[in-house]
Amino acid sequence: MKILTLYYSYGGNTKRIAGRIQKAVGGDIACIETVTPYEGDYNSVVDQGQREVNRGFCPRIKLLAVNVQDYDVIVLGTPVWWYTFAPAVHTFLTQQDLSGKTVYPFATNGGWIGHTFADIEKSCKGAGVKEGMNIRFDEDVLRTSEAEIDAWIQKIAK
Ligand SMILES: Cc1cc2nc3c(=O)[nH]c(=O)nc-3n(C[C@H](O)[C@H](O)[C@H](O)COP(=O)(O)O)c2cc1C
């Protein structure tokens with residue numbers, strides 16, 4: 001079983017959780033990055049994100065540091081952007097065929113997760129998508145208990 005923890009993070013919250021997961025489950029870790037960075041203050045990125053989500057925009061992403069096809073299990077992390085996964089994750093899911101793999105999604109958010117996990121499941125055709133982990137932050141303060149997160153991590157690849 002080869003495990004990859006793969007995440008997109010704009011502000012660092014999702015990256016922090018991804019690091020915790022990889023430390024616990026082993027395997028490799030890689031991040032999804034947009035070719036063009038999001039610039040400007042937080043509110044302008046929130047507005048840009050809304051426009052992108054609304055039109056289903058897929059920003060160009062950098063070549064990943066790993067070959068996703070080498071892995072059996074993908075732990076996929078995204079921040080919630082306007083009730084779904086971030087556009088960079090949309091690009092990734094459009095580009096990769098995850099059929100035959102097991103996907104464990106997690107999503108960091110400010111309390112409004114929306115339809116993020118249902119959207120991930122729809123976008124991972126042919127994959128076995130496990131129950132997602134909803135991780136709440138207030139800005140950069142973790143609000144979901146670490147015990148709850150660790151209990152979910154324990155289930156990965158068991
Ligand atoms: C463009 C944008 C849209 C967001 N939309 C939501 C949302 O719909 N629901 C929510 O609970 N939080 C929303 N947030 C807050 C982020 O999901 C939350 O801060 C997340 O932990 C950020 O992860 P990151 O630091 O890895 O980027 C949004 C943030 C941004 C920048």
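These are my notebook entries on strand β3 and the ligand in this structure.

**Entry 1: what I am looking at.** I am working with a predicted model. I started with strand β3, which covers residues 73-81.

**Entry 2: is β3 buried or exposed?** I looked up how covered its residues are and found that nine of the nine are buried, so the rest of the structure largely encloses the strand. For this check, I took buried to mean under 20% relative accessible area.

**Entry 3: the neighbours of β3.** Which strands pair with β3, and in what sense? I went through them in turn.

- Strand β1 (residues 3-8) pairs with β3 in the parallel sense, over five bridges.
- Strand β5 (residues 102-109) also runs parallel to β3, and I found seven bridges there.
- Strand β4 (residues 84-85) pairs with β3 in the antiparallel sense, over two bridges.

Gly-77 made a handy landmark for me. In β3, Gly-77 stands opposite Tyr-7, and its bridge partner in β5 is Phe-106.

**Entry 4: the turn after β3.** I followed the chain from β3 into β4 and found a hairpin with two residues between the strands. One residue in the turn, Trp-82, has a positive phi of about 50 degrees. Beside the turn, Trp-81 stands opposite Thr-84 in β4.

**Entry 5: where is the ligand?** I found the ligand in the largest pocket. There are 20 residues around the ligand, and those that come nearest are Ser-9, Gly-11, Thr-14, Val-80 and Trp-112.

**Entry 6: which elements build the shell?** I noted that α1 (13-25), α2 (42-54), β3 and β5 each supply at least two residues of the shell around the ligand. The largest share comes from α2, with four residues. It was nice to meet β3 again here, as one of the contributors.

**Entry 7: oxygen atoms of the ligand.** Which protein atoms lie close to an oxygen atom of the ligand? I wrote down three contacts.

- Thr-14 has a polar side-chain atom 2.6 Å from a ligand oxygen atom.
- Tyr-83 reaches a ligand oxygen atom through a backbone N or O atom, at 2.8 Å.
- Thr-108 places a polar side-chain atom 2.8 Å from a ligand oxygen atom.

I then checked how covered the ligand is: on its own it has 650 Å² of accessible area, and the protein covers 91% of that.

**Entry 8: to keep in mind.** If you are new here too, I suggest starting from β3: the strand is largely enclosed, pairs with β1, β5 and β4, and supplies residues to the shell around the ligand.

Terms used. Residues are numbered from 1 along each chain as its sequence is written. This is a predicted model: local features need pLDDT of at least 70, side-chain atom pairs count only at pLDDT 80 or more; totals for chains, interfaces and linings use all residues. Side-chain values use heavy atoms; hydrogens and water are left out. Buried means under 20% relative accessible area, exposed over 50%, partly exposed in between (1.4 Å probe, protein chains only). Two strands pair if DSSP finds at least two bridges between them. A residue is near a molecule or strand if one of its heavy atoms lies within 4 Å of it. A polar contact is a pair of N or O atoms within 3.5 Å; within protein, one must be able to donate a hydrogen and the other to accept it, and residues adjacent in sequence count only if both atoms are side-chain atoms. Accessible areas come from the Shrake-Rupley method with a 1.4 Å probe; for residues, only the protein chains shown count as cover. On a 1 Å grid over the protein atoms alone, a cavity is a set of points where a 1.4 Å probe fits but cannot get out, and a pocket is an open set with protein on both sides within 12 Å along at least five of seven lines; lining residues have an atom within 4 Å of a point. A molecule sits in a cavity or pocket if more than half of its atoms lie within 2 Å of its grid points.
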